[in-house]
Amino acid sequence: MDYVYEVYLNRSFSKAAEKLYISQPALSATIKKVEAEIGLPIFDRSSNPIQLTPAGRYYIESIEYIMHLEKEMRSYFNSLADHKQTSINVGGASFFCTYILPTVVQEFKLKHPDYMVHLLEANADDLMKDLRSGTVDIVIDVEMKGDPKVFDSYAWERENIILAVPSYYKINNALEKYRLTFKDVVNGQYLSEKYPKVNLKAFEKENFLLLKKGNDMYQRSLKMCKKAGFTPSVTMYLDQMLTSYYIACNGKGIAFVRAGVTHYVEATDKLFFYKINDINAYQNIMLYYKKSQPLSKAGMDFITFLNKRSLSSFKSE
């Protein structure tokens, strides 16, 4: 069951074999043996990446039910042995693990010195896999595609999405009344109505830096450009928003970034910023946890702590 589940998580025999530290032929032979025992194929190998067959979906649901029962049993015995439940595992993307979560954990520990918080940094897809498997208890990240039947989630904060444009781009000269400096954004003055929002159509001939497909920022960026009447010319697709920000600083393209990023990076005159005239120019910061995995007291206290604070209150010094 572990082998079948690993193939399901990775949608690839080769990647699953690597994670399991076995050869791909050995893994394939094991899967075929399982399929022979149940008399039906589990995976549709004609698609790329591989997909589950109807029998495969039932098999995976059964595995997850067994995993849930095993975890409940372990949780029950652990709670009998230790009622304190003092440990929590929190996952986040690189930006959160570098700039936000260390301060969150530090301040949380001041209020709860007996608790231990472990951080795990990963990309969006791996975070949801880790949450599904129970490796992490809570994930904090921007909106991601998580199965609502498996995960509970709610919006902790909402942040504005703005454009970060290399300051040497000629387009800035024609948009002087719209452009914002780093200082305007970091101190919150950009929120004032005296700073107008720009129509993205003005940038249709420029090169963009987009996050990779599957990221909420990717979906919003394309949606906003489409609404403005153009398809963006993309120089690079990137995993992390912070990476796109720094590449924009180096003049390699225009990036869509959360306004809050200015609280955690050094001030720069290499970029101008623009408010976007589009209803999609925002992004929710979400908290995710697994429905079938009740949070420990430490986990519940951690979420309560976050609910009493805003994202901007955890600014780096």
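Lys-201 is partly exposed, at a relative accessible area of 36%; buried means under 20%, exposed over 50% and partly exposed in between, with a 1.4 Å probe and protein chains only. The exercises below start from this residue.

The model is predicted: local features need pLDDT of at least 70, side-chain atom pairs count only at pLDDT 80 or more, and totals for chains, interfaces and linings use all residues. Residues are numbered from 1 along each chain as its sequence is written, and side-chain values use heavy atoms, with hydrogens and water left out.

**Exercise 1. Salt bridges**

Find the salt-bridge partner of Lys-201, then work through the pairs Glu-107 with Arg-309 and Asp-239 with Lys-212.

*Solution.*
- Step 1. Fix the criterion: a side-chain nitrogen of Lys or Arg lies within 4 Å of a carboxyl oxygen of Asp or Glu. Searching the whole structure gives eight such bridges.
- Step 2. Lys-201 meets Glu-204, at 3.3 Å from N to O. Glu-204 is partly exposed, at 31%.
- Step 3. Glu-107 and Arg-309 are bridged at 2.6 Å, N to O. Glu-107 sits in helix α5 and Arg-309 in the segment after α11 (297-307), so this pair ties together parts 202 residues apart in sequence. Helices are DSSP runs of H or I with at least four residues, strands are runs of E with at least two, and both are numbered from the N terminus. Glu-107 is partly exposed at 23%, and Arg-309 is partly exposed at 24%.
- Step 4. In the pair of Asp-239 and Lys-212, the closest N and O atoms are 3.5 Å apart. Asp-239 is in the loop between β8 and α10 (241-249), Lys-212 in the loop between β7 and α9, so the bridge links parts 27 residues apart in sequence. Accessibility is 48% for Asp-239, which counts as partly exposed. Lys-212 is partly exposed too, at 39%.

**Exercise 2. A β-α-β unit**

In which sense do β7 and β8 pair, and what is the handedness of the unit they make with α9?

*Solution.*
- Step 1. Strands count as paired if DSSP finds at least two bridges between them. Strand β7 (residues 207-211) and strand β8 (residues 233-238) have five, in the parallel sense.
- Step 2. One bridge joins Asn-207 to Ser-233 of β8.
- Step 3. Add helix α9 (residues 216-228): with β7 and β8 it makes a right-handed β-α-β unit. Right-handed means that, with the strands pointing away from the viewer, the path from the first strand over the helix to the second runs clockwise.

**Exercise 3. Backbone exceptions**

Locate Arg-11, Tyr-21 and Pro-49, and give the backbone feature of each.

*Solution.*
- Step 1. Recall the background: most residues other than glycine have a negative phi, and most peptide bonds are trans.
- Step 2. Arg-11 lies in the loop between α1 (2-10) and α2 (13-20). Its phi is positive, near 55 degrees. Arg-11 is partly exposed, at 31%.
- Step 3. Tyr-21 lies in the loop between α2 and α3 (24-38). Its phi is positive as well, about 60 degrees. At 78% relative accessibility, Tyr-21 is exposed.
- Step 4. Pro-49 lies in the loop between β1 (43-44) and β2 (51-52). The peptide bond from Asn-48 to Pro-49 is cis, with omega near 5 degrees.

**Exercise 4. Cores, α1 and a surface patch**

Which residues have the most contacts in the largest nonpolar core, how many residues of α1 are buried, and which residues make a nonpolar surface patch?

*Solution.*
- Step 1. A nonpolar core is a set of buried Ala, Val, Leu, Ile, Met, Phe, Trp, Tyr and Cys residues joined through side-chain atoms within 4.5 Å. The largest has 75 residues; Ile-100, Leu-163, Leu-200, Phe-203, Tyr-245, Phe-256 and Phe-273 have the most contacts inside it. Helix α5 (residues 94-111) gives the most to this core, nine residues. Another core lies apart from it, with 18 residues, among them Val-4, Phe-13, Ala-16 and Val-34.
- Step 2. Seven of the nine residues of α1 are buried, so the helix is largely enclosed by the rest of the structure. They are Val-4, Tyr-5, Glu-6, Val-7, Tyr-8, Leu-9 and Asn-10.
- Step 3. Met-1, Tyr-65, Ile-66 and Leu-69 make a nonpolar surface patch of about 380 Å². Patch residues have over 30% relative accessible area and no salt bridge; nonpolar side chains (Val, Leu, Ile, Met, Phe, Trp, Tyr) are joined within 5 Å, like charges within 9 Å. Areas come from the Shrake-Rupley method with a 1.4 Å probe, and for residues only the protein chains shown count as cover.
- Step 4. Ile-66 belongs to helix α4 (residues 54-81) and is partly exposed, at 31%.
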